[in-house]
Amino acid sequence: MSERASSTGSTASFRGQITLDGPSGTGKSSVARGVAARLGAAYLDTGAMYRAATVAVLDAAVDPEDADAVARTVAAARIEVGTEAGTELVLVDGVDVAARIRGAEVTRNVSAVSAVPAVRRQLVEQQRALVAATEAVVVEGRDIGTVVLPDATLKVYLTAAPEVRAERRAGQLGITDPAEVAALAEDLRRRDEYDSSRADSPLRPAEDAVVVDSTDLDQQGVVDRIVELAASAVGAGDRS
Ligand SMILES: Nc1ncnc2c1ncn2[C@@H]1O[C@H](COP(=O)(O)OP(=O)(O)OP(=O)(O)O)[C@@H](O)[C@H]1O
Ligand SMILES: Nc1ccn([C@@H]2O[C@H](COP(=O)(O)O)[C@@H](O)[C@H]2O)c(=O)n1
């Protein structure tokens, strides 16, 4: 039996869309890349697109809370992202911003930019076009199962206890000082509150999403669980 057609089901031939939504730091990016690699699927990081839009806003010295100016600035920006799990390609007007989008200034301002309805319309249209060009794809974000791809093959909503998420993010950044870990936890809480309470496409699980709690699972365990769910979803589709 090949590695990709393992005990979790015959997944090498997966065709369809898997959505992975959830709060910040629950492991969406790492898990989505792992699932895409296992299934031989494309991968789309929609958060990277909102982060790239935020770079455009900051570079134009526009106030991220000024919705009209934000909408105009993002409409004029050319935002490009790749869909390969193994490479991170993020460009704004042809300039590589893949490293910059992970910086503190972008992270602090991205929720305000992503709450602007015109920005969401623009990027959702682009996301759907990117997905339409794939046969199999894992898409991660906040509103993928609810708004972007309501008919996806499988919808997963990933959660984890807030203190566990803060510890993992601290590990990722090499932070050990308890006061700095507490500050990270507060940043995650603030961003989740902003993303969950906005009027347009708030963060929430789709009604038909499977909730996967990763608090007590390692990364590989979460990938295995989602690959297993994908095999069941494809099987259920074949029977219907
Ligand atoms: N199940 C897990 N067990 C332990 N560590 C994990 C697990 N899942 C992810 N991680 C680690 O947690 C950190 C955060 O993961 P990741 O960046 O994928 O989260 P995210 O949900 O995409 O975050 P954000 O929404 O802020 O972009 C990473 O260092 C990742 O390796
Ligand atoms: N579908 C999405 C994806 C992301 N956002 C916003 O972008 C921020 C950054 O996302 P990361 O996954 O890269 O951390 C996030 O906090 C949201 O404000 C979104 O609105 N919709």
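Begin by selecting Glu 80, which is found in strand β5. Strands here are DSSP runs of E with at least two residues, helices are runs of H or I with at least four residues, and both are numbered from the N terminus. Glu 80 is partly exposed, with 15 other C-beta atoms within 10 Å. In these terms a residue is buried if 20 or more other C-beta atoms lie within 10 Å of its own, exposed if 12 or fewer, and partly exposed in between, with C-beta atoms placed from the backbone. Add Val 90 to the selection: the C-alpha atoms of Glu 80 and Val 90 are separated by 5.7 Å, although the two residues are ten apart along the chain.

The model is predicted, so local features need pLDDT of at least 70 and side-chain atom pairs count only at pLDDT 80 or more, while totals for chains, interfaces and linings use all residues. Residues are numbered from 1 along each chain as its sequence is written, and chains are lettered from A and ligands numbered from 1 in the order in which they are written.

**The loop after β5**

Select Gly 82 next, in the loop between β5 (79-81) and β6. Gly 82 is partly exposed, with 18 other C-beta atoms within 10 Å. Not counting residues up to four places away in sequence, Gly 82 touches Thr 87 and Leu 89; contact requires the C-beta atoms of two residues, placed from the backbone, to lie within 7 Å. A distance label from Gly 82 to Gly 94, twelve residues apart along the chain, should give 13 Å between C-alpha atoms.

**Strand β6 and what follows**

Move to Val 92, in strand β6 (residues 90-92). Is Val 92 buried or exposed? Val 92 is buried, with 21 other C-beta atoms within 10 Å. Leaving aside neighbours within four places in sequence, Val 92 is in contact with Ala 52, Val 55, Ala 56, Ala 77, Ile 79 and Val 97. By contrast, the C-alpha atoms of Val 92 and Thr 146 are separated by 27 Å, with these positions 54 residues apart along the chain.

Asp 93 lies in the loop between β6 and β7 (95-96). Its phi is positive, about 50 degrees, although Asp 93 is not a glycine. Most residues other than glycine have a negative phi. With 14 C-beta neighbours inside 10 Å, Asp 93 counts as partly exposed.

**Helices α2 and α3**

Display residues 46-59 and 67-76, which are helices α2 and α3. Two packed helices are described by the angle between their axes and the distance between the axes. Here the angle is about 110 degrees and the axes are 9 Å apart. The axes are lines fitted to C-alpha atoms over the stretch in contact, and angles run from 0 to 180 degrees between N-to-C directions. The two helices are therefore roughly perpendicular to each other, a description used for angles of 65 to 115 degrees. Colour the contact residues: Ala 53, Ala 56 and Val 57 of α2, with Val 70, Thr 73 and Val 74 of α3. By class, this contact has five nonpolar, one polar and no charged residues. Ala, Val, Leu, Ile, Met, Phe, Trp, Tyr, Cys and Pro count as nonpolar, Asp, Glu, Lys and Arg as charged, and the others, Gly among them, as polar.

Then select Ala 61, in the loop between α2 and α3. Phi of Ala 61 is near 55 degrees, a positive value in a residue other than glycine. Ala 61 counts as exposed, with 8 C-beta neighbours inside 10 Å.

**Helix α4**

Select residues 104-114, helix α4, whose buried residues are Val 106, Val 110, Ser 111, Val 113 and Ser 114. These cover an arc of only 165 degrees around the axis, which puts them on the same side of α4; the arc is that of the directions from the helix axis to the C-beta atoms. On the other side of α4, Ala 104 and Glu 105 are exposed. The cover over the buried residues of α4 includes α2, α3, α5 (117-132) and α8 (178-197).

**The two ligands**

Which residues come nearest to ligand 2? Of the 14 residues around ligand 2, they are Gly 47, Tyr 50, Ser 114, Gly 141 and Arg 142. A residue is counted as near if its C-beta atom, placed from the backbone, lies within 6 Å of the molecule. Helices α2, α4 and α8 each give two or more residues to this shell, and α2 gives the most, with four residues. The shell around ligand 2 divides into three nonpolar, six polar and five charged residues.

Finish at ligand 1, where Gly 27, Lys 28, Ser 29, Arg 168 and Gln 172 come nearest of the 18 residues around the ligand. The elements that give two or more residues to this shell are α1 (28-39), α7 (162-173) and α9 (219-239). By class, the shell around ligand 1 has three nonpolar, eleven polar and four charged residues.

Methods
Angles under 35 degrees count as roughly parallel, over 145 as roughly antiparallel, 65 to 115 as roughly perpendicular and the rest as oblique.
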